[in-house]
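Reader: Before I use this model, I should like to know on what grounds its descriptive terms are applied. Please set each value against its definition.

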Amino acid sequence: MRFRAAVLRSYEDPFTVEAVTLRTDLAAGEILVEIAGAGMCRTDLAVRRSAGRSPLPAVLGHEGAGVVVRTGSGPDTAVNVGDHVVLSFDSCGHCHNCLGAAPAYCDSFTSLNLFGGREEEVPRLTDSTGKALAPRWFGQSSFAEYALVPARNAVRVDPALPLELLGPLGCGFLTGAGAVLNTFGAGPGDTLTVLGAGAVGLAAVMAATAAGVLTVAVDRHPKRLALAERFGAIPLPATTAGLPERIRRLTDGGAQYALDTTASAPLINDTLQALRPTGSLGLVARLHTALPLEPGTLDRGRSIRHICEGDAVPRLLIPRLTGLWRAGRFPFDQLIRTYPLADINEAERDCDEGRVVKAVLLPERTSRPTRHAPPQTHPVPRADAPHSPLPPTEDT
């Protein structure tokens with residue numbers, strides 16, 4: 001089948017929206033999804049800085065949501081034709097970690113999600129000249145009108161939900177919220193510091209507020225801090241002198257948990273010093289250099305670890321997050337601005353320049369099914385919605 005997709009042909013050039021061809025001989029456990037919307041994540045943009053490690057040309061996009069239009073054979077009966085689904089990361093389903101409900105730590109995570117593809121695959125996505133495009137990015141390549149994905153990537157959602165806005169629940173928002181709800185298991189009476197008020201950090205703030213956690217949000221930019229305060233956090237400028245002491249005062253002796261989305265070594269060290277004994281710091285941002293730790297930062301039982309995809313089982317966490325949204329307790333829609341897929345380069349510029357927290361790309365069609373959302377307390381941003389500039393943070 002032929003359809004339009006955004007193709008990245010080189011690390012320096014803009015995306016081109018062009019016709020591509022997909023072989024749709026679905027294998028067992030595969031589904032074909034008509035994409036309603038796809039979030040733009042920092043991981044998509046980081047391909048430009050991958051120093052040749054990511055093969056191009058390729059179709060990126062790994063926060064897709066859409067409608068299942070075809071299914072292959074196989075044992076996975078969790079999704080059927082006509083289902084509305086959110087697409088998340090790929091995993092093998094049979095390694096030790098997958099069987100232990102930790103698919104984000106799948107033994108094959110890198111090969112399945114970072115263009116490696118499944119070993120049995122042959123090139124199935126090509127451009128108009130017949131040249132192969134890189135294998136499925138995070139099992140999706142959802143910057144397109146259609147995506148062919150493993151059924152285990154897909155999470156069925158209520159058709160009453162605003163499908164075109166749900167894609168970021170598959171990665172960015174899942175990562176921030178999952179760190180709070182899964183990794184930390186934080187609840188009433190706990191305290192949390194969030195470094196960086198971008199998409200991942202603000203999702204963590206919203207989840208923490210929903211869980212009754214006292215949260216301090218640290219960022220350099222006043223507009224980001226204002227958003228964090230709107231969602232229930234105590235705002236604290238990163239430039240504050242004596243940051244560890246200030247965090248300890250705001251959290252009654254030190255935070256039990258901290259989440260870093262910045263990869264800033266000075267902020268990480270300050271935050272470790274501000275943890276209470278046995279406190280934990282989780283890292284979600286990719287570190288590009290060595291992380292020097294100051295003496296004493298890991299004393300008294302403090303710990304530091306990396307968190308991948310919010311330690312989430314997507315089929316469990318995504319329904320939890322949509323339930324919180326319906327209850328008005330996880331207003332992720334307030335962070336979204338939508339763009340036509342044809343405007344992907346504008347969306348990328350706005351992300352890089354911090355004018356938008358979460359961009360979502362909408363494939364253009366002559367007709368789009370009418371989808372009814374439940375009553376909302378907050379307006380849903382559309383492609384032509386006005387927005388105020390927001391400086392960038394270093395989210396993954």
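Author: A residue is called buried when its relative accessible area is under 20%, exposed when over 50%, and partly exposed in between (1.4 Å probe, protein chains only). The model is predicted, so local features need a pLDDT of at least 70 and side-chain atom pairs count only at 80 or more, whereas totals for chains, interfaces and linings use all residues. Residues are numbered from 1 along each chain as its sequence is written, and side-chain values use heavy atoms, with hydrogens and water left out.

Reader: Why is Asp-158 called partly exposed?

Author: Its relative accessibility is 33%, a value between the limits of 20% and 50%, and therefore Asp-158 counts as partly exposed. Arg-326, at 42%, is partly exposed for the same reason. Over the protein, buried residues make up 56% of the 396 residues.

Reader: What makes the contact of Arg-326 and Asp-158 a salt bridge?

Author: A salt bridge requires a side-chain nitrogen of Lys or Arg within 4 Å of a carboxyl oxygen of Asp or Glu. The N to O distance of Arg-326 and Asp-158 is 3.1 Å, so the pair satisfies the rule. Arg-326 belongs to helix H9 (residues 314–326) and Asp-158 to the loop between strand E9 (154–157) and helix H4 (172–183), so the bridge ties together parts 168 residues apart in sequence. Helices (H or I, at least four residues) and strands (E, at least two) are DSSP runs numbered from the N terminus; the protein has ten helices and 17 strands.

Reader: How many salt bridges does this rule give?

Author: The count comes to 16. One of them joins the side chains of Glu-30 and Arg-136, at 3.4 Å from N to O. This pair links strand E3 (residues 30–39), which holds Glu-30, to the loop between strand E7 (125–127) and strand E8 (146–150), which holds Arg-136, across 106 residues. Both Glu-30 and Arg-136 are buried. Another bridge joins Asp-352 and Arg-42, with the closest N and O atoms 3.8 Å apart. Here helix H10 (residues 344–352) contributes Asp-352 and helix H1 (residues 42–45) contributes Arg-42, 310 residues apart. At 38% relative accessibility, Asp-352 counts as partly exposed.

Reader: What makes Thr-129 exposed?

Author: Thr-129, in the loop between E7 and E8, has a relative accessible area of 65%, which is over 50%, and is therefore exposed. Its C-alpha is 9.6 Å from that of Thr-21, 108 residues apart in sequence.

Reader: How do you know that Cys-106 is in no disulfide?

Author: A disulfide is a pair of cysteine sulfur atoms within 2.5 Å, and the search of the whole structure finds zero disulfides. For Cys-106, the nearest cysteine sulfur is that of Cys-92, 3.6 Å away, so the limit is not met. Cys-106 is buried, at 5% relative accessibility.

Reader: Why is the sulfur of Cys-171 not bonded to the closest cysteine sulfur, in Cys-41?

Author: The two sulfurs are 4.4 Å apart, which is too far for a bond. With a relative accessible area of 7%, Cys-171 is buried.

Reader: Why are H7 and H8 called oblique to each other?

Author: Angles under 35 degrees count as roughly parallel, over 145 as roughly antiparallel, 65 to 115 as roughly perpendicular, and the rest as oblique. H7 and H8 pack at about 45°, with their axes 8 Å apart; this angle falls in none of the named ranges, and the helices are therefore oblique. The axes are lines fitted to C-alpha atoms, for helices over the stretch in contact, and angles run from 0 to 180 degrees between N-to-C directions.

Reader: Which residues meet where H7 and H8 pack?

Author: With contact meaning heavy atoms within 4.5 Å, Leu-243, Pro-244 and Arg-248 in H7 meet Leu-267, Asp-270 and Gln-273 in H8. The buried residues of helix H8 (residues 265–273) are Leu-267, Ile-268, Asn-269, Thr-271 and Leu-272. They pack against several elements, including helix H7 (243–250) and strand E13 (255–260).
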